[in-house]
Amino acid sequence: IRRPPRSTLFPYTTLFRSFVTILALLLITNFAPAKPQAKAGAGSFGPNAVPDKEKKPLWNGKTAIVLASFLIVGSVCYTSYLHFTSSHSNELYVYNWGEYIDESVIDEFEAETGIHVTYDLFETNEEMYPVIEAGAVSYDAVCPSDYMIQKMVENGLLAEINFENVPNIANIDPVYLEKSKAFDPENLYSVPYTWGTVGIIYNVQKLEDLGVPAPTKWSDLWDERLKGEILMQDSVRDAFGVTLKYLGYSLNSTDLDELNEAKNLLIKQKPLVQAYVVDQVRDKMIGNEAAIGVIYSGEAIYTQKENPNLEYVIPKEGSNIWIDSWVIPKNAEHKENAEKFINFLCRPDIALKNFEYITYSTPNEAARELIEDESIRNSKIAFPDASELSGCETFKFLGDKNDAVYNELWREVKSK
């Protein structure tokens with residue numbers, strides 16, 4: 001499911017080298033000079049001289065085989081070249097978060113369309129962005145978060161989607177298309193895939209054993225009784241977002257004094273933190289390896305299914321409400337295939353299958369109506385009331401200069 005980055009010229013050079021190698025072997029084998037014959041006498045004249053062998057015609061069976069082989073190898077290489085250079089070839093390169101699609105959906109898409117999918121994974125938006133920016137690997141469909149989509153748009157890294165090829169966007173609730181305008185003002189570049197909140201997950205039994213009350217606010221993550229029991233997100237914006245909200249600031253702050261205050265608070269918390277994680281928070285909480293952690297709402301739904309001792313809360317100071325969407329990089333080599341893939345994911349039955357697998361809230365209104373379990377369809381974690389979201393903000397792209405500031409401060413936190 002993964003593949004290392006490689007040059008888009010890789011197929012061409014491989015084919016060329018194979019072609020030259022095979023041709024050379026054929027020529028060496030068939031046209032090498034014959035070994036000289038041993039003489040039967042003392043000289044080339046006289047009764048003991050060996051008579052000259054009869055000259056063979058230029059066109060013989062071996063020559064025909066060589067030429068036929070040449071034509072066959074050349075034909076295969078040329079056909080493969082056309083396959084790799086065609087923008088409409090049956091290939092699709094996808095770059096997505098870990099554990100963020102039901103893999104049977106990929107199989108189903110391949111079976112229905114005949115398009116072969118190569119599927120790569122990333123763990124954070126910050127890991128994904130430089131890969132797309134460098135362009136060494138031409139991905140066709142990528143699933144970033146809101147603020148990163150804004151950054152990609154502003155830096156000219158995305159192609160406009162041809163929505164004539166994505167008619168199933170009609171299944172997306174207009175509410176989420178409207179929210180998407182915060183990072184894609186004209187809804188030209190993105191199609192919502194999932195959405196949710198960031199909150200605190202906690203193990204009721206473990207907190208009782210530690211004598212710690214259930215959390216209601218971000219500051220509860222600095223309770224010294226929880227030393228070694230706290231899981232924090234290993235993501236610069238999420239980590240600073242938690243701390244900025246705790247301090248009463250916007251999670252999109254660019255004020256250096258506020259950011260340094262947040263940095264110092266994160267450094268102060270470090271002795272209490274068991275680990276900085278991303279996907280692993282789910283497994284650790286299910287396995288009772290930690291008492292409390294920062295988690296995405298979709299992960300919280302899954303963990304509750306697996307461990308009934310777990311609860312989720314959106315802290316009263318407010319949090320992040322996020323949208324992850326599908327986009328198409330500007331250097332995509334299979335744009336129409338990407339649009340077919342995005343359209344396929346917007347189909348209600350497919351969106352439902354993905355929701356049931358990854359448990360992140362779906363913006364697909366038609367899919368939500370298909371959820372059979374009423375407790376899930378009306379879940380306050382998956383679909384919270386508007387009142388719970390009143391203090392929540394969407395992350396915004398703050399500019400490359402401010403990004404650099406955040407990253408430098410985060411390095412200081414991690415290095416302490």
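**Exercise 1. Strand β5 and its partners**

How many bridges join β5 to strand β6, and in which sense do the two run? Then place β7 and the faces of β5.

*Solution.* Two conventions come first. This is a predicted model, where local features need pLDDT of at least 70, side-chain atom pairs count only at pLDDT 80 or more, and totals for chains, interfaces and linings use all residues. Residues are numbered from 1 along each chain as its sequence is written, and side-chain values use heavy atoms, with hydrogens and water left out.

Step 1. Strands are DSSP runs of E with at least two residues, helices are runs of H or I with at least four, and both are numbered from the N terminus. Two strands pair if DSSP finds at least two bridges between them.

Step 2. β5 (residues 230-233) and β6 (residues 273-277) are joined by 4 bridges and run parallel. In this pairing, I230 faces V273 of β6 as its opposite residue.

Step 3. Turn to β7 (residues 292-296). It runs parallel to β5, with 2 bridges between them. Here L231 stands opposite G293.

Step 4. Check the faces. In a regular strand the side chains alternate between the two faces of the sheet. In β5, I230 and M232 lie on one side, L231 and Q233 on the other. All four are buried, meaning under 20% relative accessible area; exposed is over 50% and partly exposed lies in between (1.4 Å probe, protein chains only).

**Exercise 2. The open sheet**

Establish the strand order of the sheet that contains β1, and trace the connection from β1 to β2.

*Solution.*

Step 1. The order is β2-β1-β3, in an open sheet of 3 strands with parallel pairing. β2 and β3 (141-142) are the edge strands, each pairing on one side only.

Step 2. Count the bridges. β1 (residues 91-97) and β2 share 7. β1 and β3 share 2.

Step 3. Find the register. N96 stands opposite L121 in β2. Y95 stands opposite V142 in β3.

Step 4. Follow the chain. β1, helix α3 (residues 103-113) and β2 form a right-handed β-α-β unit. Right-handed means that, with the strands pointing away from the viewer, the path from the first strand over the helix to the second runs clockwise.

Step 5. Test the cover of β2 (residues 116-122). Of its 7 residues, 5 are buried.

**Exercise 3. Core and cavity**

Identify the residues at the heart of the packing, then describe the largest cavity.

*Solution.*

Step 1. A nonpolar core is a set of buried Ala, Val, Leu, Ile, Met, Phe, Trp, Tyr and Cys residues joined through side-chain atoms within 4.5 Å. The largest one has 114 residues; L221, M232, F240, W326 and F341 touch the most other members. Strand β4 (residues 191-203) gives the most to this core, with 7 residues.

Step 2. Search for cavities. On a 1 Å grid over the protein atoms alone, a cavity is a set of points where a 1.4 Å probe fits but cannot get out, and lining residues have an atom within 4 Å of a point. The whole structure has 4 cavities of 30 Å³ or more. The largest holds about 310 Å³, a volume being the space filled by probe spheres set on points joined across faces, edges and corners.

Step 3. List the lining. It has 25 residues, and W97, S145, D238, Y296 and D324 lie nearest the centre. At least two lining residues come from each of α5 (146-154), α8 (236-246), β7 and β9 (321-326).

Step 4. Sort the lining: 10 nonpolar, 7 polar and 8 charged. Here Ala, Val, Leu, Ile, Met, Phe, Trp, Tyr, Cys and Pro count as nonpolar, Asp, Glu, Lys and Arg as charged, and the others, Gly among them, as polar.

Step 5. Look at α8. Of its 11 residues, 10 are buried, including D238 and F240.

**Exercise 4. Positive phi**

Which residues other than glycine take a positive phi near 50 degrees and near 60 degrees? Classify each by exposure.

*Solution.*

Step 1. Most residues other than glycine have a negative phi.

Step 2. N187 has phi near 50 degrees. It sits in the loop between α6 (174-180) and β4. N187 is buried because its relative accessibility is 17%.

Step 3. N288 has phi near 60 degrees. It lies in the loop between α10 (280-286) and β7. N288 is partly exposed because its relative accessibility is 38%.

Step 4. Add a glycine. G248, just after α8, takes a positive phi of about 90 degrees.

Key:
1 Å grid on protein atoms, 1.4 Å probe; cavity = no way out; pocket = protein on both sides within 12 Å on 5 of 7 lines; lining within 4 Å.
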